[in-house]
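Trainee: Please take a close look at one part of this model for me, the packing of a pair of helices, and then place that part in the rest of the chain.

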Amino acid sequence: MNFLLVTDLDNTLVGEDTTLLRLNQKLLANRDRLYLIYATGRSYALARQLQEEQNLIEPDYWLTGVGTEIYRKDERDPEWAERLSQDWNRDSVAAIASGFPDLILQPETEQNPWKLSFLIDSERADTVLANLQALITQAGLRAQIIFSNDEDVDILPKNGDKGLAMTYLREKLGIPPEKTLVCGDSGNDISLFQQNTLGLIVSNSRSELLAWYRLCGESRHYRSRARFAGGILEAIDHFKLMPPSE
Ligand SMILES: [Mg+2]
């Protein structure tokens, strides 16, 4: 395999039909030279639903629930589940979170054994999440809080997020970091960019990712001019990962 493409779904791969179609054609034409991984905050069921609605091509792997689950075909990776279960106490995290009335629990479909998901008013997020993190740390719990899209709050095991799940698979597949491109638009994609691969920040990215990029962005990170899948096409050319687009 020549390279590995890891992309977020909502507002990165998906968002603009014309460029998505062009990218899909390019990926299909090069399908035997690349591994494709979708990395999303969605559950596996809702990610499959989006695949059907948007005619997304079949990836090699799915990282769902912000990287808390890895699927190949319809099978969940048991080794990853085992890793995340170490040092993870969901009930204790849930008990602490229940003390914050600003955190509104998301539907049951978006919860999983390694993820608690809430909604929050963006104006309250900074204060509430700082207090929540302090209590989690005080309790000695190994959990991380991820804030995305100005409203989504995910609490995950410390040893599992999109970035760590991506690296776990990248190493398994034997693709070097300089032949790996990760693409995203929001806060739950930051962990992807914190690993050592190439990265694309699409031009339509959310404020929390742009703020991170201004502070921590490196030369291996590319901010495209184009939006959504157009940005991915632009980054593939920029990093010369495939023959140039016509
Ligand atoms: Mg997104």
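Mentor: Helix 1 passes helix 9 in a left-handed crossing. The model is a predicted one, and what follows is computed from it. Helix 1 covers residues 17-29 and helix 9 covers residues 228-238; their axes come within 7 Å and cross at roughly 40°. An angle from 35 to 65 degrees counts as oblique, and helix 1 and helix 9 are therefore oblique to each other.

On the side of helix 1, the residues that meet helix 9 are Thr19, Leu20, Arg22, Leu23 and Lys26. Helix 9 brings Phe228, Ala229, Gly230, Ile232 and Leu233 to the contact. Sorted by class, this contact of helix 1 with helix 9 consists of six nonpolar, two polar and two charged residues.

Now the surroundings. The domain assignment divides the chain into domain 1, made of 3-82 + 160-238, and domain 2, made of 87-157. The C-alpha centres of domain 1 and domain 2 are 24 Å apart. Where the domains touch, 15 residues of domain 1 are in contact with 15 residues of domain 2. The side of domain 1 that touches domain 2 has, by class, three nonpolar, eight polar and four charged residues.

Two sheets can be followed along the chain. One is an open sheet of eight strands in the order 5-4-3-2-1-10-11-12, and its pairing is mixed. Its edge strands, each paired on one side only, are strand 5 (75-76) and strand 12 (221-223). Within this sheet, strand 2 (residues 34-39) pairs with strand 3 (residues 61-64) in the parallel sense, over three bridges. There, isoleucine 37 has tyrosine 61 of strand 3 opposite.

The other is an open sheet of four strands, ordered 6-7-9-8, with antiparallel pairing. Strand 6 (104-105) and strand 8 (143-148) are the edge strands here, and each pairs on one side only. Strand 6 is joined to strand 7 (residues 116-119) by two bridges in the antiparallel sense. In one detail of that pairing, isoleucine 104 has leucine 119 in strand 7 as its bridge partner. Helix 5 (residues 122-138) packs on this sheet and touches strand 8 and strand 9 (152-157). The direction of helix 5 makes about 170° with that of strand 8.

To return to the part you asked about: the axes of helix 1 and helix 9 cross at roughly 40°, in a left-handed crossing, with Leu20 and Leu23 of helix 1 and Ile232 and Leu233 of helix 9 among the residues that meet.

Methods: Residues are numbered from 1 along each chain as its sequence is written. This is a predicted model: local features need pLDDT of at least 70, side-chain atom pairs count only at pLDDT 80 or more; totals for chains, interfaces and linings use all residues. Axes are lines fitted to C-alpha atoms, for helices over the stretch in contact, and angles run from 0 to 180 degrees between N-to-C directions. Angles under 35 degrees count as roughly parallel, over 145 as roughly antiparallel, 65 to 115 as roughly perpendicular and the rest as oblique. A crossing is left-handed if the near helix is turned anticlockwise from the far one by less than a right angle, and right-handed if clockwise. Two residues are in contact if their C-beta atoms, placed from the backbone, lie within 7 Å. Ala, Val, Leu, Ile, Met, Phe, Trp, Tyr, Cys and Pro count as nonpolar, Asp, Glu, Lys and Arg as charged, and the others, Gly among them, as polar. Two strands pair if DSSP finds at least two bridges between them. Domain bounds come from an automatic or database domain assignment.
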